[in-house]
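Visitor: I should like a close look at a single part of this chain, followed by an account of how the strands elsewhere are arranged. Please begin with one residue on the surface and work outward from there.

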Amino acid sequence: MNCKAIIFRGLLLSLILIQISCKQKDDQNVATAAKNSPTLVNIDENYQLNEALTHDEKFEVKSVIHFSAKYNSPKLSQYDWNMKQGHLYTVHELANGNVMYIVEQGDGKYNYTPFVVILDKEGNEIARQKIATDNKSKYNFYNAVVSTDKEGGFVLYVKKEISSPDKSTDDDSNEAKMQSTLAKYQIDKMIFNTRYSGYQGTTKPLAGILLRPLQEKGFSYIPTGDFSLQFLKGKVFISGSAAKPNQDEVPFIAILDSNLKLLKINSFDHYPQTKVDNISINADGKLYVEGVENSAADGTYYSTNKRFVLDGDLKFISDKSDKKPFYSFYRGPSAPDYEEEEDSIVNDAKEESAVSESVVETKDTEKGSRAVFYSDKLENCYYSIKEKKINSAEIVFEKSKSQDSTTLWQTKFIFPNTYEVPYSNSTEGFRRSNGDFVFFLFLRDKAVENEALSIAIFVFNKQGRLVRQFQTPGYFQLTEFKMKESKGKLITGFISSDAKYVNNEWEYPSAFHSVIYPLD
């Protein structure tokens, strides 16, 4: 055998051994992935125990759950981005299954840079795109709205407040005042394609959109630039308040096309001192408007839920408002008229009050509170949380009829003695398309160093039985928790911070987390 043949056979044998080794390594990776694939934890039928009804109770479900972490189903994946400071504004599913987050990264000195973060279905980062901003403007990313296309691209609409125009004027007319208020605000449109590398941006001033149409309707005053944006039926909706001479403020709604061109605008004089909180679409395609009227009379402040239905042209159809206030606050006969600075008092109280046509509740923090956190128009019901006392280890989860507040479900959660449920008014939830209901609670474990905060997530089926339970890791602080359903998965995002003592100083490094859990 010649030298060349020997060398050739040696090389061939080496290639074969390399191929075998690579195949074994690939097989090991597949096996590891399969081995580490999380298995859903089934909820034992004895975990949620039925309780006996009293003679005057007609609940569909009355039960108790003694919380145990052993029923937590594991996560599918977790993405972490460490930073000195952070904020999470929104999470949105894209048409191709990717998930988009708007996250702000801070430098530790309260200077923040916004980013769009794109993760794939497995929670891996695809893109982290910086959003160009200027130091002279305030961007409202909390109210940013998203429009998606069929390929996975998307458009962001963000309201921003700019510094006051340089032009000074002695014109004290109503038109000048309205123009001055509107001139402070603009809408930025940012178009992202499926490559997520850079974006196309355009800006349109609100004065150019709203000033002339509002003046033509007789309005002469706009209190603030507190306008809200929503995206429905392929169009941008703007809601705000305006007033005619010597009249109360009333809400208005404007519809813009995707290029921010005004299509329709209407005001609603029958709803004075009412701020629109949300616009949604009913099953019949009509617009369902929800808001709160804040009024005052004889030294008492009142807050009343207002709801009404509009057609696609913003024409009034019907009223669905409550007949009685959900909250009242007596300041005495010498109390001043309602003013804007009282908004925070009323809004905080609204979050802690029941939505009921027959009950006016006042806040009692020592005895705990009751918070309605989700209203279901399809089932005509609402979901609420009641706590025995503030920071209690016991809470009651209820589902009730909207019409008369009749309780349908009542499930008491009893947590271990080292646990407490803080921030009960921050609870949120949603109903899945299959009828399941998902909600979360903040939990604090006082037995852990720094009293770690975590989020517990519960999934109830249509019969009021717990079918799934999850829990995030614990952190020194946990804020801005958000969740969305996506193709049988629960996509969550939040900001955490830890406490570290470094060089004789306390540091509080933050992180953005995206955790995916299996719903099905």
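**From a surface tyrosine to the strands**

Guide: Tyr 508 has a relative accessibility of 45% and therefore counts as partly exposed, since that class lies between the buried limit of under 20% and the exposed limit of over 50%. The model is a predicted one. Within it, Tyr 508 sits in the loop that links strand E33 (505-507) to strand E34 (510-518). Together with Tyr 501 and Trp 506, Tyr 508 makes up a nonpolar patch on the surface. The accessible area of these three residues together is about 390 Å².

From this loop one may follow the chain into E34, which pairs with strand E31 in the antiparallel sense over nine bridges. One position in this pairing can be named: Thr 492 has Val 515 in E34 as its bridge partner. E31 covers residues 489-497, and eight of its nine residues are buried, so the strand is largely enclosed by the rest of the structure.

E31 also pairs with strand E30 (residues 477-486), to which it runs antiparallel, with eight bridges joining the two. In this pairing, Leu 478 is placed opposite Ser 496 of E31. E30 and E31 form a hairpin, and two residues lie between them. In the turn, Lys 487 has a positive phi of about 50 degrees.

Strand pairing recurs elsewhere in the chain. In general, the strands of a sheet pair through backbone hydrogen bonds, in either a parallel or an antiparallel manner. One open sheet consists of four strands in the order E12-E13-E14-E15, and its pairing is antiparallel. Its edges are strand E12 (228-232) and strand E15 (262-267); each has a single partner strand, so one side of each has no neighbour in the sheet. From one strand to the next, the twist averages 25 degrees. E12 and strand E13 (residues 235-243) run antiparallel and are joined by five bridges. Leu 229 has Ile 238 in E13 as its bridge partner. A helix accompanies these strands: H3 (residues 206-216) lies across E13, strand E14 (249-256) and E15. The helix runs at about 50 degrees to E15.

A further open sheet has four strands in the order E4-E5-E6-E7, again with antiparallel pairing. Here strand E4 (85-93) and strand E7 (125-130) stand at the edges; each has a single partner strand, so one side of each is left without a neighbour in the sheet. The twist in this sheet averages 20 degrees from one strand to the next. Eight bridges join E4 to strand E5 (residues 99-106), and the two run antiparallel. Glu 93 has Val 99 in E5 as its bridge partner.

These parts belong to a chain of 520 residues, 47% of which are buried. Four helices and 34 strands are found in the chain. Among its contacts with a separation of 6 or more, 49% are between residues 24 or more positions apart. The area exposed by the chain is about 27300 Å², and carbon and sulfur atoms supply 47% of that area.

Methods. Residues numbered from 1 in each chain as written. Predicted model: local features only at pLDDT ≥ 70, side-chain atom pairs only at ≥ 80, totals over all residues. Heavy atoms only, no water. Buried < 20%, exposed > 50% of the residue type's maximum accessible area, 1.4 Å probe, protein only. Contact = heavy atoms within 4.5 Å. Areas by Shrake-Rupley, 256 points an atom, 1.4 Å probe, with all protein chains shown as cover. Patch = residues over 30% accessible without salt bridge, like charges linked within 9 Å, V, L, I, M, F, W, Y side chains within 5 Å. Salt bridge = Lys/Arg side-chain N within 4 Å of Asp/Glu carboxyl O. Pairing = 2+ DSSP bridges. Axes fitted to C-alpha atoms, helices over the stretch in contact; angles between N-to-C directions.
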